[in-house]
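Student: Got a minute to go through this one with me? I'd like to start with the packing and then get to the ligand.

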Amino acid sequence: MQSPSSSFTVRHANSRDVGHLSDILTESFYRHSDRPVNFLMRGFTNLVYPILRYGIMLDLNSRFGEQTPCYACLVATHPANKFQAIASLEICMRYVPVHASRGFWLGRDMQQHPYIFNLAVHPHWRRRGAAKQLLLAAEKTVKQWGFSRLYMHVLEDNEGARYLYDHLGYRLHDQEGYLNYWFLGFPRRFLLQKKF
Ligand SMILES: CC(C)(COP(=O)(O)OP(=O)(O)OC[C@H]1O[C@@H](n2cnc3c(N)ncnc32)[C@H](O)[C@@H]1OP(=O)(O)O)[C@@H](O)C(=O)NCCC(=O)NCCS
C-alpha cells in the first residue's frame with residue numbers, strides 16, 4: 001500500500017506495534033489534541049498519563065488478539081524507521097442510523113457499516129499527509145471487503161480533523177450529544193459518511 005505521492009508506507013499493524021500505537025494514541029487524544037484543553041485538565045492528564053497509556057495498550061492487545069471479521073488496524077511508517085509506526089487508524093463494523101436526522105437514535109433504523117476510529121498521527125509527524133494517506137488506505141480496505149460506505153465520528157470543535165475529512169469527501173450524516181451540548185456546553189459529535 002505505497003503511494004508514490006508520499007514518503008509514508010501504510011501497512012496492517014501487528015503486535016509489535018502496540019507500544020508505539022499506545023504512545024501515539026495517548027499523546028494525540030490526551031496531550032497533543034488539536035482541540036483546546038484547559039491547564040487543569042492538562043495537569044491531571046500528565047498525572048494519570050501512564051495509566052491512560054496502559055489502558056490503551058490493553059485495549060489494543062485485546063482487539064489484536066480477537067479474530068474479528070472486518071476489523072483492521074492500519075499504521076503509517078516513514079522510511080527513516082520503517083519499524084516505528086508514526087500514525088494509525090482502526091476500522092470496525094458499527095451500527096449507524098440508516099437515515100440522517102437531527103433527532104435521537106432511540107427507535108431509529110440502524111445498520112452495521114464499516115466505521116473508522118482512533119485516527120491519530122504522532123504530533124511530530126502532523127501536516128505531512130500521513131492521516132490523508134491512512135484514510136485513503138482505509139477506503140481501499142473497506143472496498144476490498146465489499147462495502148461502499150464508511151463512517152466516523154468527529155467532535156465539532158476538532159477543526160483540523162473536520163477540515164481533513166471534508167477535504168476527503170466525508171459529509172455530515174447525523175449529530176449527537178445534544179443533552180451535553182445544551183446543559184453542559186460540551187461539543188456535539190458529528191457522524192460523517194462517505195459513499196464510494
Ligand atoms: C487530525 C489529524 C489526524 C490530522 O493528521 P495529519 O497527518 O496532520 O493530517 P494531514 O497532513 O494528512 O492533513 C491533510 C489535510 O487536512 C487538513 N488538516 C489537517 N490537520 C489540520 C489542522 N490542524 N488544521 C487545519 N487543516 C488541517 C489540511 O488541509 C491538510 O492538508 P495541508 O497540510 O496540505 O494543508 C492529527 O492532527 C491528529 O492526530 N490529531 C489528534 C487526534 C485527532 O483529533 N484525531 C481525529 C479524531 S476524529
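Tutor: Here is a chat about the cores, the ligand and a few single residues.

Student: Before that, what should I know about the source?

Tutor: This is a predicted model: local features need pLDDT of at least 70, side-chain atom pairs count only at pLDDT 80 or more, and totals for chains, interfaces and linings use all residues. Residues are numbered from 1 along each chain as its sequence is written, and side-chain values use heavy atoms, with hydrogens and water left out.

Student: OK, which residues touch the most other members in the largest nonpolar core?

Tutor: Those are L89, I116, L119, L134, L135, Y165 and Y170, out of 30 residues in that core. A nonpolar core here is a set of buried Ala, Val, Leu, Ile, Met, Phe, Trp, Tyr and Cys residues joined through side-chain atoms within 4.5 Å. Buried means under 20% relative accessible area, exposed over 50%, and partly exposed in between, with a 1.4 Å probe and protein chains only.

Student: And which elements give two or more residues to this core?

Tutor: β2 (72-78), β3 (81-97), β4 (110-121), α3 (130-145), β5 (149-155), α4 (159-167) and β7 (189-195). The largest share, 7 residues, comes from α3. Helices (H or I, at least four residues) and strands (E, at least two) are DSSP runs, numbered from the N terminus.

Student: What does Y165 touch?

Tutor: Leaving out residues up to four places away in sequence, Y165 touches L119, L135, M152, V154, Y170 and L192. Contact means heavy atoms within 4.5 Å. There's also a second, separate core of 17 residues, which includes L25, Y71, A85 and Y115.

Student: Switching to the ligand: how many residues surround it?

Tutor: 21 residues do, and the closest are L119, V121, R127, G129 and N158. The cut-off is a heavy atom within 4 Å. By type, the shell divides into 11 nonpolar, 5 polar and 5 charged. Ala, Val, Leu, Ile, Met, Phe, Trp, Tyr, Cys and Pro count as nonpolar, Asp, Glu, Lys and Arg as charged, and the others, Gly among them, as polar.

Student: Which element gives the most to that shell?

Tutor: α4, with 5 residues. At least two residues each come from α1 (18-31), β4, α3, β5 and α4.

Student: What about polar contacts with the backbone?

Tutor: For V121, a backbone N or O atom lies 2.8 Å from an oxygen atom of the ligand. A polar backbone atom of R127 is 2.7 Å from a ligand oxygen, and for K132 a backbone N or O atom is at 2.9 Å from one. The protein covers 79% of the 900 Å² of accessible area that the ligand has on its own, by the Shrake-Rupley method with a 1.4 Å probe.

Student: Back to R127, where does R127 sit?

Tutor: In the loop between β4 and α3. R127 counts as exposed because its relative accessible area is 85%. Its phi is near 60°, a positive value in a residue other than glycine.

Student: Why flag that sign?

Tutor: Because most residues other than glycine have a negative phi. N118, in strand β4, also isn't a glycine and has a positive phi of about 55°.

Student: Last one: is T26 buried or exposed?

Tutor: Buried, because its relative accessibility is 0%. T26 is found in helix α1. Beyond its neighbours within four places in sequence, T26 is in contact with R31, Y49, L52, R53 and I56.

How values were computed
A polar contact is a pair of N or O atoms within 3.5 Å; within protein, one must be able to donate a hydrogen and the other to accept it, and residues adjacent in sequence count only if both atoms are side-chain atoms.
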